[in-house]
Amino acid sequence: MDCLFCKIIAGEIPSAKVYENEYVYAFRDIAPQTPVHVLIVPKVHVCCADDINAENSLYVAKIFEAVPEIAKAEGLTNGYRVITNCGEDACQTVKHLHFHLMGGRKLQGEMG
Ligand code: 5GP
Ligand code: ZN
């Protein structure tokens with residue numbers, strides 16, 4: 001399957017890893033929009049939030065278990081935002097489910 005994030009998880013494309021376990025891979029966004037901008041992805045291919053179901057939701061739970069750990073390691077003691085873009089209207093560009101962990105400054109607006 002020709003998926004950028006599957007290739008990153010497999011190590012076929014380099015990335016700046018910040019966290020990894022059996023279910024989850026997290027790495028720095030290549031074009032950070034905030035001082036801390038980490039992408040957290042499941043280690044199975046799920047295209048977007050629309051494809052979350054009873055069979056893969058454990059991966060989503062594991063991602064959210066990792067969130068406070070990553071936030072702490074990144075020094076986000078004053079809060080942060082976690083978002084996922086799904087489909088055309090949200091301007092999702094990479095079709096592998098991912099959560100943006102953003103922080104390090106006061107965020108505003110729809111996305112910050
Ligand atoms: P989306 O717009 O789909 O929610 O977010 C995709 C994110 O992936 C963007 O913030 C973009 O900067 C990031 N991105 C795209 N290609 C790469 C890449 O090759 N490496 C990394 N680390 N991030 C990428
Ligand atoms: Zn994928």
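## Exercises on the pockets and ligand 1

In this predicted model, the largest share of the lining of the largest pocket comes from α1, which gives 3 residues. The exercises below begin with that pocket and then turn to the ligand.

**Exercise 1.** Describe the largest pocket by its volume, its lining and the elements that contribute to this lining.

*Solution.* Begin with the volume: the largest pocket holds about 400 Å³ of space. Next, consider the lining, which is made of 23 residues, with Phe5, Asp29, Ile30, Leu39 and Val94 the closest to the centre of the pocket. Then assign the lining to secondary structure: α1, β2 and β3 (36–42) are the elements that give two or more residues to it, and α1 has the largest share, with 3 residues. Finally, sort the lining residues by class, which yields 13 nonpolar, 8 polar and 2 charged residues.

**Exercise 2.** Determine which pocket ligand 1 takes up, and characterise the shell of residues around the ligand.

*Solution.* The first step is to place the ligand: the space that ligand 1 takes is the largest pocket. The second step is to list its neighbours, of which there are 16, the closest being Arg28, Asp29, Asn85, Thr93 and His100. The third step is to trace the shell to secondary structure: α1 (4–9) and β2 (24–28) each supply at least two of its residues, while the largest share, 3 residues, comes from α1. Sorted by class, the shell comprises 9 nonpolar, 5 polar and 2 charged residues.

**Exercise 3.** Identify polar contacts of ligand 1 with Asp29, Ile30 and Val94, separating side-chain from backbone atoms, and state how much of the ligand the protein buries.

*Solution.* Apply the cut-off for a polar contact, a pair of N or O atoms within 3.5 Å. On the side-chain part, a polar atom of Asp29 lies 2.4 Å from an oxygen atom of ligand 1. On the backbone part, an N or O atom of Ile30 lies 3.2 Å from a nitrogen atom of the ligand, and a backbone N or O atom of Val94 lies 3.1 Å from an oxygen atom of the ligand. As for burial, ligand 1 taken alone exposes 530 Å², and the protein buries 83% of that.

**Exercise 4.** Give the volume of the second largest pocket, and describe its lining by residue and by class.

*Solution.* The volume of this pocket is about 160 Å³. Its lining includes Gly75, Leu76, Thr77, Asn78, Gly79 and Tyr80, and also Gly103, Gly104, Arg105, Lys106 and Leu107. Divided by class, the lining of the second largest pocket has 3 nonpolar, 6 polar and 2 charged residues.

Note on methods. Residues numbered from 1 in each chain as written. Chains lettered and ligands numbered in written order. Predicted model: local features only at pLDDT ≥ 70, side-chain atom pairs only at ≥ 80, totals over all residues. Heavy atoms only, no water. Near = heavy atom within 4 Å. Polar contact = N/O pair within 3.5 Å; in protein donor to acceptor, adjacent residues only side chain to side chain. Areas by Shrake-Rupley, 256 points an atom, 1.4 Å probe, with all protein chains shown as cover. 1 Å grid on protein atoms, 1.4 Å probe; cavity = no way out; pocket = protein on both sides within 12 Å on 5 of 7 lines; lining within 4 Å. Sits in = over half its atoms within 2 Å of the grid points. Helix = DSSP H or I, 4+ residues; strand = E, 2+ residues; numbered from the N terminus. Nonpolar A, V, L, I, M, F, W, Y, C, P; charged D, E, K, R; others polar. Points joined across faces, edges and corners; volume = space filled by probe spheres on them.
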